[in-house]
Structure formats: C-alpha cells, structure tokens
Amino acid sequence: MSRAMHRGVSGLRISGNSHDSRDSQMKVKTDKEDSEKNRSSDHTCLSFKFPSVPFPDNSSSKHGISENGFASDTFSAGSPRSRHKLTMLVLKLSLVLIVVLALTGSFLWTISITTSSRGQIFHSHGYRRLYEQLVSDLWDIGELSLGPARLKEVEFCPLEYENHVPCFNVSESLALGYSDGEEYNRRCGHGLRQNCLVPPPGNYRIPLRWPTGRDIIWVANVKITAQEVLSSGSLTKRMMMLEEEQISFRSASLMFDGVEDYSHQIAEMIGLRNESNFIQAGVRTMLDIGCGYGSFGAHLFSKEILTMCIASYEASGSQVQLTLERGLPAMIGSFTSKQMPYPYLSFDMVHCARCGIDWDQKDGILLIEVDRVLRPGGYFVWTSPLTNAQRFLRNKEMQKRWNFVRNFAENLCWEMLSQQDETAVWKKTSKKSCYASRKPGSGPSICSKRHDGESPYYRPLEACIGGTQSSRWIPIKARTTWPSRAKLNSSELQIYDLRSEEFAEDTQHWNLAIRNYWSLLSPLIFSDHPKRPGDEDPSPPFNMLRNVLDMNAHLGGFNSALLEAGKSVWVMNVVPTIGHNYLPLILDRGFVGVLHDWCEPFPTYPRTYDMVHAAGLLSLESSQQRRCTMLDLFTEIDRLLRPEGWVILRDTVSLIDSARMLITRLKWDARVVEIESNSNERLLVCQKPFFKRQTN
C-alpha cells in the first residue's frame with residue numbers, strides 16, 4: 001500500500017496498521033494497544049468512547065447476525081433441541097443483563113468521580129491514570145457487549161462502482177419518459193443506502209502534486225478513452241494531448257485558440273489591458289458552464305480568478321471528473337429545468353465556450369437563469385459559431401436564432417460590449433431603473449417580493465428577473481477588490497444580520513484553528529517538503545493539497561483562514577440545507593460554495609477531494625430527525641476522498657467518540673486529538689489508505 005511519509009509529531013500519530021482480514025477480537029486488542037500507547041502522550045486527548053451511536057445504523061445485518069451482536073435462530077418450543085436453544089438464549093440474555101448492570105454502575109461511578117473531583121483528576125497524575133484506565137475498561141466492556149456485528153468492516157462496492165455517481169441514471173430517466181435534457185437531472189431516492197466503499201480503478205495512481213498535477217493527470221484515474229481525447233472538439237478540449245499513461249493540458253501553441261490568447265481577447269473586449277486586470281474590474285469569481293476540461297479556469301487561477309466549472313453528468317469523458325482530477329473547482333449540474341444551486345447575484349462573470357446550451361430555446365428562460373446568478377455589472381461571455389453572424393448571412397435559421405439571443409439580452413438590460421469572431425460579451429446593468437424604462441411587454445417581468453432566490457435547492461426555473469429587490473444588489477465595481485473583499489465591513493455585514501464582533505470572533509477562531517491544524521499536521525499533510533520514500537524533491541510551491549471540501553462552512557472562516565495563512569488551496573464551501581443559509585455571504589466574500597443536503601450524495605465523481613473538513617456537522621445532523629445514519633455520511637465522505645486523502649472532524653467529545661468507533665469499520669487510520677485542556681470539543685483526524693485492487 002502506497003502511503004505518505006509519516007514524520008513524528010508530538011501528540012499526534014497516524015497509525016500505520018495493516019488492513020488484512022482479521023477477526024473482531026484482534027481489532028479490539030489492536031484498538032486497546034493503540035489506546036495504551038496514546039495515553040503516554042500529554043497532547044493526546046482522554047477519549048470517552050461510548051457504544052451508542054446518535055444516528056442509528058439502519059443498514060441490514062448480514063450472515064444472520066442481529067444488531068445486538070447475537071446470531072438469530074428460529075426454533076420450535078417442543079423438541080429437546082429447541083429447549084436447549086431456549087436455555088442457551090436465557091443464559092445469553094442473563095449475561096447481557098449482567099454486563100449492562102456492570103456498565104451502568106461503573107459509568108455512574110465515573111460520573112460521580114468526575115463531578116466531585118474534576119480538578120483533582122486532571123491535575124493529579126495518579127488520579128488521571130486511574131481515570132483513563134477506568135474509561136479504557138468501560139470501552140472494552142462496551143466493545144465486547146456490542147458483539148462482532150458492530151465491528152464488521154464495510155465491504156468494497158462492486159468494481160462497476162469505481163466511477164459511479166449516485167442520483168444520476170440517464171438510461172433510467174429516459175425509460176421513465178424524461179427527455180429534452182431533463183434526463184440529466186439529479187434524482188435521489190430516499191430509501192436505505194447500500195453502504196460500501198467505492199474502489200479505485202485497478203491502475204489508479206496518486207495524482208501529481210500541485211502545480212504539476214494541474215497540467216498533467218493519469219489516464220487510469222479517470223474514465224475516458226483515447227478516442228474521446230482525440231475527438232474532443234471544443235475550444236478548451238483541444239488544449240489536451242494524450243501521452244502514453246498521461247493526459248497533458250500544457251500548450252505551447254501560438255495559435256489563436258490558445259487559452260492565454262483567448263482570455264487576453266476577452267479582457268480586451270471588456271476594455272481591459274489583459275486578463276490580469278480582471279480583479280481591478282471587479283471580477284473575482286466566474287461560473288464556467290460546460291467548461292471543457294477546465295483549461296480556461298486553470299489559466300485564470302494564477303490570476304487569482306476563481307472559476308467554478310459546472311456541466312451535466314457524463315458517464316465517460318466527463319468534463320467535471322477531469323477538471324476535478326486536475327485539482328480545479330467543478331461540480332455536476334444541469335439547469336434545463338431546475339435552477340443552479342446558487343443564490344441570485346452570485347458570480348462576477350458567466351462564461352460559455354461552445355458549452356452545448358441552446359440559449360434561444362425555451363423562450364429564453366436559460367438566459368434568465370444566467371441573469372439570476374450574475375451580479376450587477378457582471379459579464380456574460382459566449383463563444384459559439386452562432387455568434388459569427390457573417391458566417392451565416394445566407395442561413396435564415398441561424399440568423400433567426402442569433403437575433404433572438406441578441407434581442408432577449410437587450411430586454412434583460414444587458415449591454416453588448418463587443419463581438420469578435422465567435423465571441424460576444426454582454427454586461428448586466430447596474431441600474432435598476434433600466435427595467436422600468438423598457439417598453440411594456442418587451443421582456444421578462446420582475447419577480448415578486450415573495451420570490452426566494454437565496455435558497456434555490458431543487459427549485460424550478462423562473463421566468464422572471466430576480467435579485468432586483470435584494471439588499472445584495474451591489475455593482476461589482478462598487479465592491480471592495482480582491483483580496484480585501486473577503487473582509488466584509490460593518491455596513492456589508494448588516495445585510496446578513498451579523499455584527500462586526502461576531503464576524504471578528506469567527507475570523508480569529510479560524511485563524512487560530514488553522515495554526516493549530518498546521519502545527520499538529522504539518523509533518524503529515526502540509527509539509528513544506530512533502531516527500532514520499534523514493535521521490536525527488538518537489539518543485540515550488542511544495543503544496544500537497546489542492547482542494548478541500550468544507551462540509552459545514554458557516555461563514556467561510558475556514559476558507560478565509562487558509563488564504564490568510566498563504567495556502568494555495570481552494571475550498572468548496574458547502575452550506576447544509578438544514579442550517580442557517582450563509583451561502584450568499586460566502587459567495588460575496590469571493591469564495592465558491594453550494595447548498596446541499598448531506599443525507600443525499602454530493603453531485604461529484606469519486607476521489608475528487610484531497611481533504612474533507614467538517615466542524616459541527618455531526619451536531620447539526622444529530623439535532624434533526626434525519627433519514628440517514630452517521631455511517632451513510634462517512635461512506636459518502638470515503639467516496640469523495642482521494643486515496644491517501646485526509647478527514648478532519650471537529651465536534652463534541654461524545655459525537656467524536658461515536659464517530660471514532662464507526663470509522664474502524666471504514667478501514668481509515670484515525671486518532672482523536674485534544675483541542676484544549678477544558679474544551680468539550682475534539683478533533684478526529686483520519687487518513688484514507690490507498691488500497692490497490694487485486695488484479696487477476
């Protein structure tokens with residue numbers, strides 16, 4: 001198993017235990033030995049490991065083992081064999097009762113010790129050792145009482161699942177009668193999940209480090225054929241070359257369709273000297289619809305422009321999968337009938353280069369959706385043969401389609417800035433008065449005050465113009481330029497009903513948390529020289545992480561702290577639908593993010609994130625009557641995480657201990673880390689091992 005080089009860290013040790021098949025008793029013994037080793041460190045926390053799990057595991061039991069750990073057996077009451085079985089059952093139940101009574105009495109005694117002499121326990125070495133030994137004994141009793149069924153490792157999914165994305169099944173949607181693009185929509189059932197671990201492809205290789213991995217990926221890591229590479233025809237797709245086991249996105253071509261020349265052309269059409277001036281013009285975040293394989297966003301990343309790729313689900317040759325494999329922002333999304341999962345006024349620029357969208361169809365409702373997510377003064381860039389009117393002078397159908405888009409854009413109060421070759425650039429109005437000055441009936445109406453564009457989760461497309469009555473209606477040039485945009489002032493915070501003190505406290509909290517994360521994990525994750533045995537020294541900037549999934553982003557403080565610390569990673573900020581919706585604030589800070597219900601799979605391909613971070617998510621989920629279990633959540637994290645990727649969970653002691661117990665079933669290496677001496681929170685730091693699939 002290929003593993004990252006593990007250097008010693010005081011207070012944190014990532015286990016290197018093997019994952020060969022073994023029985024549950026060996027697991028209990030190994031866990032206990034690890035626990036005894038950890039108790040020798042002053043920085044490792046006192047872990048309270050409770051047998052109960054806040055989200056009940058509703059996965060079906062197998063091999064005749066019931067949830068309480070005893071084998072189920074059917075019998076009749078009359079025969080000697082049945083009487084013998086009945087006697088054995090009574091004995092087993094008696095044993096369970098004795099264990100429960102002993103566990104309850106010991107636990108109550110522990111609580112009495114804790115409440116009566118808490119200070120003495122934590123300040124007296126002898127009492128602390130006694131207390132730790134007691135908790136360890138209670139944990140062992142709890143593990144034994146649960147039986148082997150609880151400790152059974154989660155199995156690997158069938159091999160055909162290696163690139164599987166739940167909730168997307170085009171053939172099934174077609175069979176149900178969906179068409180006209182709706183077959184690509186997301187449809188998640190609410191039944192029980194099949195909890196299994198998605199295996200990597202047989203020839204999977206750890207991605208190259210950033211920035212090399214941005215331009216070169218391993219063919220075996222993605223589902224694409226050589227023919228799909230060679231036949232790619234869009235502007236950005238042509239910037240890739242197949243080289244034996246690798247796909248290279250580097251281009252030394254001086255042709256016009258080079259990405260650098262293309263982005264330079266767009267900047268000039270806007271009235272800028274070059275793309276480096278996008279920031280000064282108020283452009284920080286961009287939505288790239290049908291992004292090819294992310295080359296446009298990859299080039300702009302170095303200019304501090306954050307480009308989110310969104311494209312429909314594709315079983316093979318996926319734009320989203322290859323873009324994420326390059327370490328660039330991307331997610332699956334289709335808005336043929338549903339709104340994109342972003343609030344209105346979210347992006348400074350929307351880009352479509354031969355993206356396959358027929359903007360003249362459906363009475364222009366797709367252009368209205370672009371207008372919804374575009375900020376005032378933002379830009380819409382469309383590159384398509386249809387925009388080259390001179391080419392279709394004699395084609396009346398093409399002329400009709402182009403005229404529709406041009407006229408509809410004008411009715412949306414977009415100003416056409418320029419048109420060159422196959423590219424046209426529009427600018428959305430910054431003045432609300434423009435809508436009132438239109439001729440009656442000449443364009444879409446303004447949405448009513450009751451219209452909710454801040455939470456577009458599974459919402460149908462709207463045929464009205466939204467955002468005009470929002471307090472977030474601020475022209476992009478009136479906003480503070482990046483990176484100052486990330487630090488909202490008091491007047492901006494009032495829009496989100498936040499006080500400056502709250503925002504400052506959140507910022508300080510995460511800046512300190514990142515420093516602590518770094519000091520604990522730098523020899524393992526964030527090393528300035530992340531070097532595996534046999535590797536040559538990496539090139540600058542020595543970055544081992546490229547992307548992070550923050551599952552409960554709150555105000556985006558984790559993202560902001562990473563940037564403050566000078567880490568060149570990007571963060572997918574996810575705002576759970578069951579919590580407070582701070583996604584508009586996160587987007588206005590110049591970050592990227594999305595709304596999501598974590599009882600559903602995330603709309604992305606397997607193995608697409610280097611790190612998953614979740615602070616307070618377990619508490620948020622456990623406070624709800626949810627239809628999913630903690631095991632559902634962890635198997636989904638495993639699907640999203642790359643081999644050798646990392647998980648940082650931050651939550652209450654009891655929830656972290658319950659999570660630690662479940663994680664043993666996922667084959668992750670894990671340790672609980674104390675945050676501060678008297679805190680009720682703990683960190684659970686895990687690494688997903690790289691299991692190479694056995695080939696016949």
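A residue counts as buried when its relative accessible area is under 20%, and as exposed when that area is over 50%. The exercises below apply this to a predicted model.

**Exercise 1. Determine how far helix 20 is covered, and name its buried residues.**

Solution. Begin with the location of the helix: helix 20 comprises residues 653-663 and lies across strand 15, strand 16 and strand 17, running at about 150° to strand 15. Next, apply the cut-off of under 20% to each residue, which gives Val653, Leu655, Ile656, Asp657, Ser658, Ala659, Arg660, Met661, Leu662 and Ile663 as the buried residues of helix 20. Ten of the eleven residues in the helix are therefore buried, and helix 20 is mostly covered.

**Exercise 2. Work out the strand order of the open sheet, and explain why strand 13 and strand 16 each have one side without a neighbour.**

Solution. The open sheet is formed by seven strands with mixed pairing, and reading across the sheet gives the order 13-12-11-14-15-17-16. Strand 13 (592-596) and strand 16 (669-674) stand at the edges, and because each has a single partner strand, one side of each is left without a neighbour in the sheet. As a further detail of the arrangement, neighbouring strands are turned by 20° against each other on average, with direction ignored.

**Exercise 3. Trace the pairing from strand 14 through strand 15 and strand 17 to strand 16, giving the sense of each pairing.**

Solution. Start with strand 14 and strand 15, which pair in the parallel sense over six bridges; in this pairing, tyrosine 609 has leucine 641 of strand 15 as its bridge partner. Continue to strand 15 and strand 17, where seven bridges are formed in the antiparallel sense, and where tryptophan 646 is partnered by glutamine 687 of strand 17. Finish with strand 17 (residues 681-687) and strand 16, which run antiparallel and are joined by six bridges; here alanine 670 has cysteine 686 in strand 17 as its bridge partner.

**Exercise 4. Decide which strands helix 16 touches, and whether strand 15 is largely enclosed or left open.**

Solution. Helix 16 (residues 557-564) packs on the sheet and touches strand 11 (547-550), strand 12 (570-576) and strand 14 (609-615), while its direction makes about 165° with that of strand 12. For strand 15, count the buried residues: eleven of its twelve residues are buried, so strand 15 is largely enclosed by the rest of the structure.

**Exercise 5. Examine the salt bridges that involve helix 19, and state whether their residues are buried or exposed.**

Solution. The structure holds 26 salt bridges, and one of them brings together the side chains of glutamate 636 and arginine 639, at 2.9 Å from N to O. These two residues are three apart in helix 19 (residues 630-640), so about one helical turn separates them. Both glutamate 636 and arginine 639 are buried. Another salt bridge joins lysine 688 to aspartate 638, with the closest N and O atoms 3.8 Å apart. This pair links distant parts of the chain, since lysine 688 is in the segment after strand 17 and aspartate 638 is in helix 19, 50 residues apart. Lysine 688 and aspartate 638 are likewise buried.

**Exercise 6. Classify glutamate 501 by its accessibility, and find its salt-bridge partner.**

Solution. Glutamate 501 has a relative accessibility of 51%, so it counts as exposed. Its partner is arginine 499, with the closest N and O atoms 3.4 Å apart.

Key: Residues numbered from 1 in each chain as written. Predicted model: local features only at pLDDT ≥ 70, side-chain atom pairs only at ≥ 80, totals over all residues. Heavy atoms only, no water. Pairing = 2+ DSSP bridges. Helix = DSSP H or I, 4+ residues; strand = E, 2+ residues; numbered from the N terminus. Axes fitted to C-alpha atoms, helices over the stretch in contact; angles between N-to-C directions. Contact = heavy atoms within 4.5 Å. Buried < 20%, exposed > 50% of the residue type's maximum accessible area, 1.4 Å probe, protein only. Salt bridge = Lys/Arg side-chain N within 4 Å of Asp/Glu carboxyl O.
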